Amino acid sequence: MPTLTPLLLALADLTEAEPRAAAQATADILRAAANTHSFAPAPRSVLDEEIKAAALGANALPCAALVAQAAAFLPWQASPAAALQPGHLAASKAVVTLISPEGPIHAPDLRFGLFYQAPGVYYPLHAHEAAETYTLLAGTAPWQAGGTRRVLGPGDSIYHPPQMPHAMRAGPEGFLAMWRWSGDIGFDSYRMLPDPEATGL
């Protein structure tokens, strides 16, 4: 059995619940990869234990436990945009990219993966041309998307149209999420924005 089969199938089910064509395309790619794609063991992340604790915590979807079970094969790393972000932020979050033009699961016009942000850490306002959806798998996060503010919990999703300013703060357990990009998925448009809440960070 390919190494991430249960996780990829569970993520496909969640992704398919989003009523957008790009989400359905992403779910189809995940299901195909679940039956064919094996991942090599990945180097450990400095945040591995925190990620596992969030995934196995009481405030999590059942599929979050599959992230912990697959930890040895998930290549957690800094975001490709880390150089543009405040230094404290780059050290307090981690990303796994499962689908992208660069692989490991190839798609020319989509990006998809997992995201972890440590407890209490604030990711200041930023924007990019890619359309983006986050779905929380574990933990909570007060979230700002344009003029909307809400607290997300396990199973909640939020959609950012292209160039919508957004920011999020991890709750006391941190949070684990899946994320999806479509449209212009390059990083050239990524930018941090002025944010009064980020003063002093």
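How many bridges join strand 6 to strand 7, and which way do the two run? I looked this up first and found five bridges between strand 6 (residues 141-145) and strand 7, which run antiparallel. Helices (H or I, at least four residues) and strands (E, at least two) are DSSP runs, numbered from the N terminus. I count two strands as paired if DSSP finds at least two bridges between them.

I note that this is a predicted model, in which local features need pLDDT of at least 70 and side-chain atom pairs count only at pLDDT 80 or more, while totals for chains, interfaces and linings use all residues. Residues are numbered from 1 along each chain as its sequence is written, and side-chain values use heavy atoms, with hydrogens and water left out.

**Sheet.** I placed the pair in its sheet. Strands 6 and 7 belong to an open sheet of five strands, ordered 7-6-9-4-11, with antiparallel pairing. Strand 7 (148-152) and strand 11 (191-192) are at the edges with a single partner strand each, so one side of each lacks a neighbour in the sheet. Within the 6-7 pair, Ala-141 stands opposite Leu-152 of strand 7.

**Helix 2.** I checked its length next. Helix 2 (residues 21-36) has 16 residues and reaches 23 Å from first C-alpha to last, close to the expected 22 Å (1.5 Å times one less than its number of residues). I then listed its buried residues (under 20% relative accessible area; exposed is over 50%, partly exposed in between; 1.4 Å probe, protein chains only). Ala-23, Thr-26, Ala-27, Leu-30, Ala-33 and Ala-34 are buried. They cover an arc of only 130° around the axis, which puts them on the same side of helix 2; the arc is that of the directions from the helix axis to the C-beta atoms. Ala-21, Asn-35 and Thr-36 are exposed on the other side. The cover over the buried residues includes helix 1 (5-16) and strand 10 (175-182).

**Core.** I looked up the largest nonpolar core, which has 61 residues (buried Ala, Val, Leu, Ile, Met, Phe, Trp, Tyr and Cys joined through side-chain atoms within 4.5 Å). Strand 10 gives the largest share of this core, six residues. Leu-98 is among the residues with the most contacts inside the core. Leaving aside neighbours within four places in sequence, Leu-98 is in contact (heavy atoms within 4.5 Å) with residues including Leu-4, Phe-39, Leu-74 and Phe-112.

**Whole chain.** I closed with totals. The protein has five helices and 11 strands, and buried residues make up 52% of its 201 residues.
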